[in-house]
Amino acid sequence: MHGTENPSAWLQRWAHLIAPQSLVLDVACGAGRHMRWLTAQGHTVQGVDRNPDALALAQVHGQVTCADIENGPWPFSGQTFGAVVVTNYLWRPLLPVIVESLGPGGVLVYETFAAGNETVGKPSRPDFLLQHGELLSATQSLRTVAYEDGFESSPDRFVQRIVAVRPKAADGASRWLLRKA
(Lines give C-alpha, C1' and ligand atoms only; values in the text may rest on other atoms or scores of the structure.)
Protein backbone atom coordinates (compact mmCIF):
# COMPACT_ATOMS: atom_id res chain seq x y z
CA MET A 1 0.00 0.00 0.00
CA HIS A 2 1.18 3.53 -0.81
CA GLY A 3 2.69 5.05 2.28
CA THR A 4 4.39 2.03 3.78
CA GLU A 5 7.68 2.46 1.90
CA ASN A 6 10.74 4.22 3.25
CA PRO A 7 10.50 8.00 3.43
CA SER A 8 11.62 10.01 0.45
CA ALA A 9 15.38 10.55 0.29
CA TRP A 10 14.64 14.13 -0.84
CA LEU A 11 12.66 14.77 2.36
CA GLN A 12 15.36 13.15 4.49
CA ARG A 13 18.05 15.27 2.85
CA TRP A 14 16.24 18.59 3.44
CA ALA A 15 14.29 18.01 6.66
CA HIS A 16 17.05 19.78 8.64
CA LEU A 17 15.59 23.06 7.32
CA ILE A 18 12.33 22.46 9.18
CA ALA A 19 12.35 24.27 12.52
CA PRO A 20 12.41 21.93 15.53
CA GLN A 21 9.02 20.74 16.75
CA SER A 22 7.16 22.22 13.78
CA LEU A 23 3.63 21.45 12.74
CA VAL A 24 4.04 19.67 9.39
CA LEU A 25 1.33 18.95 6.82
CA ASP A 26 1.73 15.81 4.71
CA VAL A 27 -0.47 16.20 1.61
CA ALA A 28 -1.78 12.94 0.08
CA CYS A 29 -0.10 11.14 2.95
CA GLY A 30 -1.24 7.62 2.12
CA ALA A 31 -0.46 5.24 4.96
CA GLY A 32 1.88 7.78 6.57
CA ARG A 33 5.46 6.95 5.61
CA HIS A 34 6.47 10.61 5.93
CA MET A 35 4.29 11.15 8.97
CA ARG A 36 6.09 8.26 10.70
CA TRP A 37 9.53 9.64 9.87
CA LEU A 38 8.72 13.28 10.69
CA THR A 39 7.17 12.31 14.02
CA ALA A 40 10.38 10.44 14.87
CA GLN A 41 12.25 13.71 14.12
CA GLY A 42 10.18 15.46 16.82
CA HIS A 43 7.57 17.19 14.66
CA THR A 44 3.81 17.22 15.08
CA VAL A 45 2.31 15.94 11.85
CA GLN A 46 -1.06 16.39 10.20
CA GLY A 47 -1.84 14.13 7.24
CA VAL A 48 -4.56 14.47 4.64
CA ASP A 49 -5.69 11.84 2.15
CA ARG A 50 -8.98 10.67 0.64
CA ASN A 51 -8.35 6.98 1.38
CA PRO A 52 -9.79 6.00 4.79
CA ASP A 53 -7.99 2.63 4.76
CA ALA A 54 -4.61 4.33 4.32
CA LEU A 55 -5.45 6.91 6.98
CA ALA A 56 -6.28 4.13 9.44
CA LEU A 57 -2.59 3.18 9.21
CA ALA A 58 -1.34 6.77 9.20
CA GLN A 59 -3.26 7.92 12.27
CA VAL A 60 -0.81 6.27 14.67
CA HIS A 61 1.76 8.86 13.56
CA GLY A 62 -0.31 12.02 13.98
CA GLN A 63 -3.60 13.67 13.22
CA VAL A 64 -5.30 12.72 9.97
CA THR A 65 -8.02 14.30 7.89
CA CYS A 66 -10.01 12.32 5.36
CA ALA A 67 -10.84 14.71 2.53
CA ASP A 68 -11.12 14.77 -1.23
CA ILE A 69 -8.87 17.79 -1.77
CA GLU A 70 -9.39 17.66 -5.52
CA ASN A 71 -13.18 17.99 -5.45
CA GLY A 72 -13.94 19.45 -2.05
CA PRO A 73 -12.85 22.42 0.01
CA TRP A 74 -9.32 22.72 1.36
CA PRO A 75 -9.68 21.43 4.94
CA PHE A 76 -6.94 23.69 6.33
CA SER A 77 -8.22 27.06 5.17
CA GLY A 78 -6.66 29.82 7.26
CA GLN A 79 -4.09 27.49 8.83
CA THR A 80 -0.35 27.69 8.27
CA PHE A 81 2.34 25.09 8.83
CA GLY A 82 6.04 25.01 9.61
CA ALA A 83 6.44 22.67 6.65
CA VAL A 84 4.36 21.10 3.91
CA VAL A 85 5.46 17.82 2.34
CA VAL A 86 4.10 16.57 -0.99
CA THR A 87 5.45 13.51 -2.79
CA ASN A 88 4.14 11.61 -5.80
CA TYR A 89 1.07 13.81 -6.01
CA LEU A 90 0.00 16.60 -8.33
CA TRP A 91 -3.24 18.54 -8.49
CA ARG A 92 -2.38 21.86 -10.11
CA PRO A 93 -5.29 23.88 -8.68
CA LEU A 94 -3.86 23.17 -5.20
CA LEU A 95 -0.34 24.47 -5.89
CA PRO A 96 -1.13 28.08 -4.83
CA VAL A 97 -3.06 26.82 -1.78
CA ILE A 98 -0.14 24.64 -0.72
CA VAL A 99 2.30 27.55 -1.06
CA GLU A 100 0.00 29.80 0.97
CA SER A 101 -0.20 27.15 3.70
CA LEU A 102 3.41 27.85 4.71
CA GLY A 103 3.89 30.10 7.69
CA PRO A 104 6.87 32.47 8.00
CA GLY A 105 10.02 30.35 7.91
CA GLY A 106 7.97 27.42 6.63
CA VAL A 107 9.58 24.86 4.32
CA LEU A 108 7.98 23.28 1.26
CA VAL A 109 9.37 19.88 0.29
CA TYR A 110 7.76 18.82 -2.99
CA GLU A 111 8.69 15.88 -5.21
CA THR A 112 6.64 14.28 -7.97
CA PHE A 113 6.70 12.92 -11.48
CA ALA A 114 7.66 15.07 -14.45
CA ALA A 115 7.15 15.17 -18.20
CA GLY A 116 9.05 12.32 -19.79
CA ASN A 117 7.75 9.78 -17.30
CA GLU A 118 5.22 8.63 -19.92
CA THR A 119 8.17 7.03 -21.74
CA VAL A 120 9.06 4.77 -18.80
CA GLY A 121 5.81 4.00 -17.00
CA LYS A 122 3.04 5.46 -14.90
CA PRO A 123 1.87 8.03 -14.27
CA SER A 124 1.77 8.81 -17.97
CA ARG A 125 -1.09 11.31 -18.32
CA PRO A 126 0.07 14.92 -18.73
CA ASP A 127 -2.36 15.91 -15.94
CA PHE A 128 -0.11 14.10 -13.48
CA LEU A 129 3.29 15.15 -14.85
CA LEU A 130 4.97 18.45 -14.07
CA GLN A 131 6.21 20.44 -17.02
CA HIS A 132 9.79 21.73 -17.08
CA GLY A 133 10.19 24.47 -14.45
CA GLU A 134 6.60 24.20 -13.22
CA LEU A 135 7.52 23.95 -9.53
CA LEU A 136 9.81 26.96 -9.88
CA SER A 137 6.94 28.97 -11.33
CA ALA A 138 4.48 27.81 -8.67
CA THR A 139 6.83 28.81 -5.84
CA GLN A 140 8.01 32.21 -7.09
CA SER A 141 6.91 33.85 -3.84
CA LEU A 142 9.25 31.56 -1.87
CA ARG A 143 13.03 31.33 -1.58
CA THR A 144 14.25 28.31 -3.57
CA VAL A 145 16.94 26.39 -1.70
CA ALA A 146 17.16 23.34 -3.95
CA TYR A 147 15.63 22.24 -7.23
CA GLU A 148 16.04 19.21 -9.47
CA ASP A 149 14.36 18.27 -12.73
CA GLY A 150 15.59 15.10 -14.37
CA PHE A 151 15.73 11.33 -14.63
CA GLU A 152 16.41 8.69 -11.98
CA SER A 153 16.79 4.95 -12.32
CA SER A 154 15.87 2.01 -10.08
CA PRO A 155 13.01 2.47 -10.68
CA ASP A 156 13.18 4.50 -13.87
CA ARG A 157 11.29 7.77 -13.50
CA PHE A 158 11.35 11.43 -14.44
CA VAL A 159 11.02 13.67 -11.38
CA GLN A 160 10.90 17.29 -10.40
CA ARG A 161 11.70 18.37 -6.84
CA ILE A 162 11.92 21.58 -4.93
CA VAL A 163 12.72 22.75 -1.45
CA ALA A 164 11.57 26.32 -0.90
CA VAL A 165 11.17 28.50 2.17
CA ARG A 166 8.78 31.32 3.02
CA PRO A 167 11.18 33.92 4.45
CA LYS A 168 10.39 35.55 7.76
CA ALA A 169 9.88 39.32 7.60
CA ALA A 170 13.45 40.07 8.74
CA ASP A 171 15.15 37.21 6.88
CA GLY A 172 17.69 39.18 4.90
CA ALA A 173 20.67 37.12 6.05
CA SER A 174 19.10 33.74 6.79
CA ARG A 175 21.31 30.78 6.14
CA TRP A 176 19.53 27.83 4.57
CA LEU A 177 22.16 25.13 5.04
CA LEU A 178 22.66 22.90 2.03
CA ARG A 179 23.83 20.05 4.24
CA LYS A 180 22.74 19.03 7.69
CA ALA A 181 25.12 20.47 10.28
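User: What is the relative accessible area of Ala138?
Analyst: The model is predicted: local features need pLDDT of at least 70, side-chain atom pairs count only at pLDDT 80 or more, and totals for chains, interfaces and linings use all residues. Residues are numbered from 1 along each chain as its sequence is written, and side-chain values use heavy atoms, with hydrogens and water left out. Buried means under 20% relative accessible area, exposed means over 50%, and partly exposed lies in between (1.4 Å probe, protein chains only). Ala138 counts as partly exposed because its relative accessible area is 27%.

User: Which residues does Ala138 touch, not counting those up to four places away in sequence?
Analyst: Ala138 sits in helix H5, residues 134–138. Helices (H or I, at least four residues) and strands (E, at least two) are DSSP runs numbered from the N terminus. Contact means heavy atoms within 4.5 Å. Beyond four places in sequence, Ala138 touches Leu95 and Val99.

User: Which elements give two or more residues to the largest nonpolar core?
Analyst: A nonpolar core is a set of buried Ala, Val, Leu, Ile, Met, Phe, Trp, Tyr and Cys residues joined through side-chain atoms within 4.5 Å. The largest has 25 residues, and Leu25, Val27, Ile69, Trp74, Val84, Ile98 and Tyr110 have the most contacts inside it. The elements giving it two or more residues are strand S1 (23–27), strand S4 (81–87), helix H4 (95–100), strand S5 (102–113) and strand S7 (157–165).

User: How many residues does the second, separate core have?
Analyst: Val45, Leu55, Val85 and Val163 are among its members. The size of this second core is 23 residues.

User: Which class is the Trp74 and Phe76 ring pair?
Analyst: Rings of Phe, Tyr and Trp (its six-membered ring) pair if their centres lie within 6.5 Å; planes under 30 degrees apart are stacked, over 60 edge-to-face and the rest tilted. Trp74 and Phe76 are both buried, and they form one aromatic cluster with Phe81. Their ring centres are 5.4 Å apart and their planes meet at 75°, so the pair is edge-to-face.

User: What do the buried residues of helix H2 pack against?
Analyst: H2 spans residues 33–40. Its buried residues are Arg33, His34, Met35, Trp37 and Leu38. They pack against helix H1 (9–14), S1, S2, helix H3 (52–58), strand S3 (63–66) and S4.

User: What is the phi of Ala28?
Analyst: Ala28 lies in the loop between S1 and H2. Ala28 counts as buried because its relative accessibility is 14%. Most residues other than glycine have a negative phi. Ala28 instead has a positive phi, near 55°.

User: Where is Asn88, a residue with a positive phi of about 55°?
Analyst: Asn88 is not a glycine, yet its phi is positive. Asn88 is partly exposed, with a relative accessible area of 39%. Its place is the loop between S4 and H4.

User: Which residue does a cis peptide bond join to Pro123?
Analyst: Most peptide bonds are trans. Pro123 lies in the loop between S5 and H5. With omega about 0°, the bond is cis, and the partner of Pro123 is Lys122.

User: Where does Pro155 lie?
Analyst: A cis peptide bond, with omega about 0°, joins Ser154 and Pro155. Pro155 is in the loop between strand S6 (143–152) and S7.
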